[in-house]
Amino acid sequence: MTAVDLFDEIVGIYRRLVFFPTEWTYKMTALFVLQTWMKDAISNAWYICFAGPKGSGKTTALEITMALSKNGELSNNVSPAAMARIAEKNTMFIDELDELKDEARAVAEGILRAGYRLGVH
């Protein structure tokens, strides 16, 4: 399987399971998944955020992305210290960031601000 075949397969998974309003959203989400598998080969990474009204499929999209990503790990309902450890070696996912407790939210936001560069958390 070539990289293009893999990319097309991931796009196809999203098309079958999630509705995104634009074609490029399927492709960008697939690229996000692929970058999680190249963590050791790239020096910078970008984040993805699923936004929309309640019931629009954000959590479903997050769960699919977490399953397809390298070492996908949900970081809700964990201590701030555990969240930092998760971010160190995993692809960290947060569902409903705005509902995290203050300390956990502050840690998550700090990781998000600093963690787009390899080895910086």
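Which residues in helix 1 meet which residues in helix 2? On the helix 1 side they are L6, F7, I10, V11, Y14 and R15, and on the helix 2 side E23, Y26, K27, T29, A30, L31, V33 and L34. Bear in mind that this is a predicted model. Here are my notes, point by point.

1. **Helix 1 against helix 2.** The two helices pack at about 125°, and their axes are 9 Å apart. That angle makes helix 1 oblique to helix 2, since anything over 145 would be needed for roughly antiparallel and 65 to 115 for roughly perpendicular. The crossing is right-handed. By residue type, the contact of helix 1 with helix 2 splits into ten nonpolar, one polar and three charged.

2. **Helix 1 against helix 3.** Helix 1 (residues 3-17) also packs on helix 3 (residues 58-68): the axes come within 11 Å and cross at roughly 155°. So helix 1 is roughly antiparallel to helix 3, the cut-off for that label being over 145 degrees. Here too helix 1 makes a right-handed crossing. The residues that meet are I10, I13, Y14 and L17 from helix 1, with T60, A61, I64, T65 and L68 from helix 3. This contact has seven nonpolar residues, two polar ones and no charged ones. If you want to follow individual side chains, I10 and Y14 are listed in the contact with helix 3 and also in the one with helix 2.

3. **V33, in helix 2.** Is V33 buried or exposed? V33 counts as buried because its relative accessibility is 1%, and the cut-off for buried is under 20%. V33 sits in helix 2. Leaving aside residues up to four places away in sequence, V33 touches I10, Y14, T65, L68 and S69. I10 and Y14 belong to helix 1, while T65 and L68 belong to helix 3, so V33 is a handy residue to centre the view on when looking at these three helices. The C-alpha atoms of V33 and A67 are separated by 9.4 Å, with their positions 34 residues apart along the chain.4. **T25, also in helix 2.** T25 is found in helix 2 (residues 23-36). At 17% relative accessibility, T25 is classed as buried, the limit being under 20%. Its side chain and that of T22 are joined by a polar contact of 2.6 Å.

5. **What covers helix 3.** Which residues of helix 3 are buried? They are K58, A61, L62, I64, T65 and M66. The cover over these buried residues includes helix 1 and helix 2, along with strand 1 (72-74) and strand 2 (91-93). A61, I64 and T65 are also listed in the contact with helix 1.

6. **W46, in the loop.** W46 is placed in the loop between helix 2 and helix 3. With a relative accessibility of 32%, W46 counts as partly exposed. Not counting residues up to four places away in sequence, W46 touches M28, L31, F32 and Q35. The C-alpha atoms of W46 and T36 are separated by 9.7 Å, the two residues being ten apart along the chain.

7. **N71, a backbone point.** Have a look at N71, in the loop between helix 3 and strand 1. Its phi is near 50°, a positive value in a residue other than glycine. N71 is partly exposed, with a relative accessible area of 42%.

8. **T91, in strand 2.** T91 lies in strand 2 and counts as buried at 11% relative accessibility. What does the side chain of T91 reach at 2.6 Å? The partner is the backbone oxygen of K70. Outside residues up to four places away in sequence, T91 touches F32, T36, S69, K70, N71, G72 and E73. That list includes N71 from the previous point.

9. **Helix 4 against helix 5.** The axes of helix 4 (residues 80-89) and helix 5 (residues 102-114) come within 9 Å and cross at roughly 20°. That makes helix 4 roughly parallel to helix 5, as the angle falls under 35 degrees. Helix 4 passes helix 5 in a right-handed crossing. P80, M83, A84 and A87 of helix 4 make the contact with E103, A104, V107, A108 and I111 of helix 5. The residues divide into eight nonpolar, no polar and one charged.

Definitions and conventions: Residues numbered from 1 in each chain as written. Predicted model: local features only at pLDDT ≥ 70, side-chain atom pairs only at ≥ 80, totals over all residues. Heavy atoms only, no water. Axes fitted to C-alpha atoms, helices over the stretch in contact; angles between N-to-C directions. Helix = DSSP H or I, 4+ residues; strand = E, 2+ residues; numbered from the N terminus. Left-handed = near helix turned anticlockwise from the far one by under 90°. Contact = heavy atoms within 4.5 Å. Nonpolar A, V, L, I, M, F, W, Y, C, P; charged D, E, K, R; others polar. Buried < 20%, exposed > 50% of the residue type's maximum accessible area, 1.4 Å probe, protein only. Polar contact = N/O pair within 3.5 Å; in protein donor to acceptor, adjacent residues only side chain to side chain.
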